[in-house]
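Hi everyone, thanks for making time today. I'd like to walk you through one structure, going from the overall picture down to a few single residues.

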Amino acid sequence: MHEPEPARSAMAEPVRPTSEDELARAGSELIGGPLGRRALLGTSWWTPVRVVALVAIGMFALGLVQKAPCYNSAWFFGASSQYTKACYSDIPHLYQGRGFADHLVPYFDRLPDDMSGGMSYLEYPVLTGVFMEVASWLTPHSGTLQYQEQWYWFVNAGMLLVCAAVLAVCVARTHRRRPWDGLLVALAPALLLTATINWDLLAVALTAAAMLMWSRSRPVAFGVLLGLATAAKLYPVFLLGPLLVLCWRAGKWREYAQAVGGAAIAWLLVNAPVMLFAFQGWSKFYTFSQERGVDFGSFWLIWAQNSSSPPSTGFVNAAAMVLVVLSFLGIAALAFTAPRRPRFAQLAFLMVAAFIVTNKVYSPQYVLWLVPLAVLARPKWRDFLIWQACEVAYFLGIWMYLAYTTSGEAHKGLPTHGYHWSIVLHLAGTLYLCAVVVRDILMPERDVVRRSGDDDPSGGVLDGAQDVFVLGAAAHPPRHAAHFEGPQVDWGMPEPPSPEHRSL
């Protein structure tokens, strides 16, 4: 006689996007339709995480095919063909331009001006420089320069493929009950189109791994990975700002200190050797970021190209810094006054998006910074694809604009005013996604993740924690809740506020 199996809690059941997302349900018809109630999940090799990883690898491979028209000709012949074919990549051009073809050591060896265009030293953070150097070691230094540049791009593509797989797996595992959300990352058009333009995927994968560690309540590991990510690209350090206000609201100061300490130590361990022995080369990334003028993709460029007195670089640097600080203060106010403590991924997305929107440059691969954060913050297929459509339009817009400016009298491509509209579309798509995330914070019953019964599955020690410090209306039930038609959900705070809870 067999004993009956214990009933599994509904909270432990994985969330199936086809049961809560109409667009995911419609898309599933391509592979046989939504999963039924009696589907045997977890009994096959084809687990959600493995499926997500394989789809990400497949999409990455399609991205390599998209770059194929440049591989044999457009990177090397013709001023504008790599733009008209939308297959540009920095990687083959910087193989010689940053001294890798001549075995120069990044940061330590000065680059000849005629080779680097006056850059003098590698202008990337140290961990990205290490990544580039390792790829050059794996590149055959024989044959023609074109042959070496082709190999260098291909080696980098293989290393970035690992980063893409790590990214997809980490996102799929961050929200324990929502592994299928990782398909949003794996199928993102931005991943296909921009993965091999530059080396941003290294920092993006490390940031996603850090988010996974925080969701597992491992603040030291989170800090170490975030420090490594910041050693590869600057933007990951901005995640410590939203985490500060969330830990403040929940009183999790010990965990926050561990995260900051781990990040600082990891960043120092990577940077200190170069900082001490090649300071001028190490500092190039920071001085270049300050000295760089208004560039592609920013609203500052629209202003500069439509004004008889364009803003100076110094003014733009100061104004962008003020806007980022104001954005952080606004996000902090939102975090302290929201009716429920916002989810970590929501505030992280808003902070990085604010930096991107206000920055003086927006390269097309920067969209990768937001992809995993957007998926964790707002795993809704419709909103995600609206944003991605805007980014694809910008991707095409910048290459067509560069084709126009490099094709001489032929004027092939998109003129300046057309490119400005593609920038506006990129900004509008990003701000739209920010708006729906803010709405989810102010109206948590509309949050896709919380409607499934979770509190903050990427929040780790913040998940279900009591508040100890709030401001204003956060101590009161949201007025709009009475008008919402839908299931009433326990947000993970079943007990009344503790005596030390304060409301100002």
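I'll start with the overall fold, then turn to the core, two helices, the pocket and a handful of individual positions.

Please keep in mind that this is a predicted model. The protein has 504 residues, and 54% of them count as buried. In terms of secondary structure, we have 24 helices and two strands. The accessible surface comes to about 22000 Å², and carbon and sulfur atoms account for 65% of that area. If you take the contacts with a separation of 6 or more, 74% of them join residues 24 or more positions apart.

Now for the inside. In soluble globular proteins, nonpolar side chains tend to be buried together. Here, the largest nonpolar core holds 140 residues, and the ones with the most contacts inside it are Leu-201, Phe-222 and Phe-349. Helix α12, which runs over residues 200-215, is the biggest giver to this core, with 13 residues.

Which residues does Leu-201 touch, once we set aside its neighbours within four places in sequence? The list is Phe-60, Leu-160, Cys-163, Ala-164, Leu-167, Leu-191, Ala-195 and Leu-368.

That last partner, Leu-368, takes us to helix α21, where it is one of the buried residues. Helix α21 spans residues 367-377, and 11 of its 11 residues are buried. Alongside Leu-368, the buried set includes Val-367, Trp-369, Pro-372 and Ala-377.

Helix α14, residues 240-250, is another mostly covered one, with nine of its 11 residues buried. Among the buried ones are Leu-240, Pro-242, Leu-243, Cys-247 and also Arg-249, for those of you who like to keep an eye on charged side chains. What provides the cover for α14? The elements over its buried residues include α12, α13 (219-232), α15 (253-277), α19, α20 and the strand β1 (469-470). Right after α14 comes Gly-251, with a positive phi near 75°.

Let's stay in that neighbourhood for a moment with Ala-259, which sits in helix α15. Is Ala-259 buried or exposed? With a relative accessible area of 0%, Ala-259 is buried. Beyond its sequence neighbours within four places, Ala-259 is in contact with Trp-214, Pro-219, Phe-222, Gly-223 and Leu-243. Two of those names have come up already: Phe-222 from the core and Leu-243 from α14. As for backbone distances, the C-alpha atoms of Ala-259 and Gly-227 are separated by 9.3 Å, with their positions 32 residues apart along the chain.

There is a comparable story to tell for Gly-429, in helix α23 (residues 416-442). Gly-429 is buried, at a relative accessible area of 2%. Leaving out neighbours within four places, its contacts are Trp-387 and Cys-390. The C-alpha atoms of Gly-429 and Asp-383 are 9.2 Å from each other, for a pair 46 residues apart along the chain.

On to the pocket, which I suspect some of you have been waiting for. The largest pocket has a volume of about 1300 Å³. Its lining is made up of 42 residues, and those nearest its centre are Phe-288, Ser-289, Arg-292, Val-361 and Tyr-366. The elements that give two or more residues to the lining are α6 (90-97), α17 (284-291), α19 (313-337), α20 (344-358) and α22 (381-406). Which helix gives the most? That would be α17, with five residues. Sorted by class, the lining has 26 nonpolar, nine polar and seven charged residues.

Finally, a look at backbone angles. Most residues other than glycine have a negative phi, and most peptide bonds are trans. Two residues in the model go the other way. His-103 is not a glycine, yet has a positive phi of about 60°, and Tyr-107 also has a positive phi, near 75°. His-103 is in the loop between α6 and α7 (113-116), and Tyr-107 is placed in the loop between α6 and α7 too. How do their surroundings look? At 56% relative accessibility, His-103 counts as exposed, whereas Tyr-107 is buried, at 5%.

That's my tour. Thanks for listening, and I'm happy to go back to any part of it.

Note on methods:
Residues are numbered from 1 along each chain as its sequence is written. This is a predicted model: local features need pLDDT of at least 70, side-chain atom pairs count only at pLDDT 80 or more; totals for chains, interfaces and linings use all residues. Side-chain values use heavy atoms; hydrogens and water are left out. On a 1 Å grid over the protein atoms alone, a cavity is a set of points where a 1.4 Å probe fits but cannot get out, and a pocket is an open set with protein on both sides within 12 Å along at least five of seven lines; lining residues have an atom within 4 Å of a point. Grid points are joined across faces, edges and corners, and a volume is the space filled by probe spheres set on the points. Helices (H or I, at least four residues) and strands (E, at least two) are DSSP runs, numbered from the N terminus. Ala, Val, Leu, Ile, Met, Phe, Trp, Tyr, Cys and Pro count as nonpolar, Asp, Glu, Lys and Arg as charged, and the others, Gly among them, as polar. Buried means under 20% relative accessible area, exposed over 50%, partly exposed in between (1.4 Å probe, protein chains only). Contact means heavy atoms within 4.5 Å. Accessible areas come from the Shrake-Rupley method with a 1.4 Å probe; for residues, only the protein chains shown count as cover. A nonpolar core is a set of buried Ala, Val, Leu, Ile, Met, Phe, Trp, Tyr and Cys residues joined through side-chain atoms within 4.5 Å.
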